[in-house]
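Here is a short briefing on one protein model. It starts with a single acidic residue and then turns to the overall fold.

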Amino acid sequence: MTDQSEVLVLGGGCFWCLEAIFQAVPGVEKVVPGYAGGEAPDPSYEEVCRGTTGHAEVVQIHFDREVVSVPELLNLFWRAHDPTTRNRQGGDVGTQYRSIILFSGEEQKRQALESRSAAQSDFPQPIVTEIELLAEFYPAEGYHHDYYRNNPGAPYCAFVIQPKLAKLGMDAQP
């Protein structure tokens, strides 16, 4: 990480998809899948999947703000998922799959609110994305990290992640 590093936390469905998408962005230094936005301390994947923790599956994006900006990352975020469906992305259903931006300061909050307002014109339905102050981020278990890179032949990668990357004009190869 550099002196120009910043962190943004986003949730928009399964963290495997967002991890693969943001890893492909120039200026992104590291993407960590995890959990945030809930009450339970240090939750496990199983606990989050049960929907009892209040946490969403999210990615913690470390990036060089001299190369890529928060508004640019948010623009990709809006295109990478459907922010108009509450607690759902495709076949993934539950509060852990909600659309959420967890900001870490007033400038990120302002950028998130402006970005959501601007993105609304791209969707016929209201955007339901939550925008909240990040209280705590909990990294996911190790087997979730670099999921697409480590499992490109897995059905979820082939049928969900690769088409999403292609739709965004990104290289679908890990």
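This is a predicted model. Leaving aside neighbours within four places in sequence, Glu57 is in contact with Gly11, Gly12, Gly13, Cys14, Phe15, Gly34, Tyr35, Tyr45, Gln96 and Tyr97. Glu57 is buried and has no salt bridge.

**Glu57: position and charge**
- Strand β3, residues 56-64, holds Glu57.
- The nearest side chain of opposite charge belongs to Arg98, 10 Å away from Glu57.
- A salt bridge needs a side-chain nitrogen of Lys or Arg within 4 Å of a carboxyl oxygen, so Arg98, at 10 Å, does not supply one to Glu57.

**Glu57: polar partner**
- The Glu57 side chain reaches a backbone atom: the nitrogen of Phe15, at 3.0 Å.
- Phe15 is also among the contacts of Glu57, as are Gly11, Gly12, Gly13 and Cys14.

**Fold**
- The protein has 6 helices and 8 strands.
- From the N terminus, the order of elements is β-α-β-α-β-α-β-β-β-α-β-β-α-α.
- Of the contacts between residues at least 6 apart in sequence, 75% join residues at least 24 apart.

**Size and packing**
- The radius of gyration is 15 Å, which agrees with the value near 16 Å for a compact globule of 174 residues.
- The C-alpha trace spans about 40 × 35 × 35 Å along its principal axes.
- Buried residues account for 48% of the 174.

**Surface**
- About 8,200 Å² of the protein is exposed.
- Carbon and sulfur atoms supply 50% of that area.

Definitions and conventions. Residues numbered from 1 in each chain as written. Predicted model: local features only at pLDDT ≥ 70, side-chain atom pairs only at ≥ 80, totals over all residues. Heavy atoms only, no water. Helix = DSSP H or I, 4+ residues; strand = E, 2+ residues; numbered from the N terminus. Buried < 20%, exposed > 50% of the residue type's maximum accessible area, 1.4 Å probe, protein only. Lys, Arg positive; Asp, Glu negative; His and termini not counted. Polar contact = N/O pair within 3.5 Å; in protein donor to acceptor, adjacent residues only side chain to side chain. Contact = heavy atoms within 4.5 Å. Rg over C-alpha atoms; globule rule 2.2 N^0.38 Å. Areas by Shrake-Rupley, 256 points an atom, 1.4 Å probe, with all protein chains shown as cover.
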